[in-house]
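Biologist: I'd like to learn how to read a few features here. Could you walk me through them?

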Amino acid sequence: MPDQQPPAIRQLFAYPFRIFFLSLAILALLAIPLWLLLVTGKTSLPLALPGLLWHQHEMLFGFLSAAIAGFLLTAVCVWTQTERTHGWRLALLWGVWLLGRLTMVFGAELPLGLVQAINLAFLPLVMVDAGLRIWRARQQRQLMILVVLGLLWLMQFGFISQHHPVFIQGALLLTLTLISIIGGRITPAFSKGWLKQQGRDPEAIRSWPLLDLTVIINLLLVLVTVLLESHSGLLGALAASAAVLTLVRMIGWRGWLVRAEPLLWILHLSILWVPVSLALLAAQSFLHWPATVWSHAAGAGAMASLILGVIARVALGHTGRPLRLPRGMVLAFIAIHLAALIRVLTAAGLLPWHPGIGLATVLWTLAFALLLFRYGGILARPRPDGRSG
């Protein structure tokens, strides 16, 4: 960024995780309360899509896409030992993301094709940035992430052009797949590192590459079945098997061994929503439960809580700060999981709709308000050791 920019602005555009993590926290803090006001008729806005479709799109292709950009564009530079995207290039990329959010909120009078084009531009730009680095470094291991992101973009294209709910379900399954790939790498690795620091046996945590691959393949088979709109026993069986295999995988990680460290148990607890979501999807197939039950377990549970947990750790590590959770963030972790639980129970009809969605919104807002309060300064300030990051 130009030298005349305020130091905090320059710092925010020094690394992708800084501006995108801050932005998604602000979006989360605004979008869900706004959705509550819209759905209860307390306010109205010139949205580019009908209210429910706007809510679904912004959570998956606004909130999630910012998390993907912040994490991936930072991590890929470490993986490939390349210079990160920063300065004006990062500002332009962020501007595309921000313009997408603004056109979705205020774009009712804009040509729909323009709104679609702006919103569909972001993920491909992220994929090109990450993909070129991965290709040049010949890191074939990372290509699966790009494949999943490409499929996620196809779900966005299908949803924004056809407004069909099957594409949201597909996007949620791809989100669970991303969690299984990336979360399946960092969670056992971080846990092993912590156990070693504590003088305990890191080999107590186990991973099985064949099982990891089987889980991913199973999830992709569930995706295909959902996209074919098959609500037969095949979908239920595939979802149930993916739930069981994911749970077996997590048992090998032995999350209870790191229960004393909030920066780690939040990762294990968040990923636990993946088998829960898949089990609820199986229940939808076998018992005809509403799709909103499993979709909120996947979105508010697995996706949002893991994003919160990853930001809490990554923002500390990449800004050169000790891996000690700031005061109040344990409350944020508890709040996001309670918000997800209450939202799922409300979708299942086990809690009254108005009190349920209201309480879930309050807890969600509390979680991201605490994140913004505790991490806003960390993201906007230089590293204390004077290094870039």
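Modeller: Sure, burial to begin with: buried means under 20% relative accessible area, exposed over 50%, and partly exposed in between, with a 1.4 Å probe and protein chains only. This is a predicted model, where local features need pLDDT of at least 70, side-chain atom pairs count only at pLDDT 80 or more, and totals for chains, interfaces and linings use all residues. Residues are numbered from 1 along each chain as its sequence is written, and side-chain values use heavy atoms, leaving out hydrogens and water.

Biologist: Okay, is Arg84 buried or exposed?

Modeller: Arg84 is buried, at 15% relative accessible area. Arg84 also forms a salt bridge (a side-chain nitrogen of Lys or Arg within 4 Å of a carboxyl oxygen of Asp or Glu) with Glu83, the closest N and O atoms being 2.5 Å apart. Glu83 is partly exposed at 48%.

Biologist: How many salt bridges does that rule count?

Modeller: The count is 5. Among them, Asp129 pairs with Arg133 at 2.8 Å between the closest N and O atoms. Both partners are buried, Asp129 at 18% and Arg133 at 14%.

Biologist: Where do Asp129 and Arg133 sit relative to each other?

Modeller: Helices are DSSP runs (H or I, at least four residues), numbered from the N terminus. Asp129 and Arg133 are 4 residues apart in helix 5 (residues 112–136), so about one helical turn separates them.

Biologist: And what about Arg383 and Asp385?

Modeller: Their side chains meet in a salt bridge too, 2.6 Å from N to O. Arg383 is buried at 12%, while Asp385 is partly exposed at 39%.

Notes: Helices (H or I, at least four residues) and strands (E, at least two) are DSSP runs, numbered from the N terminus.
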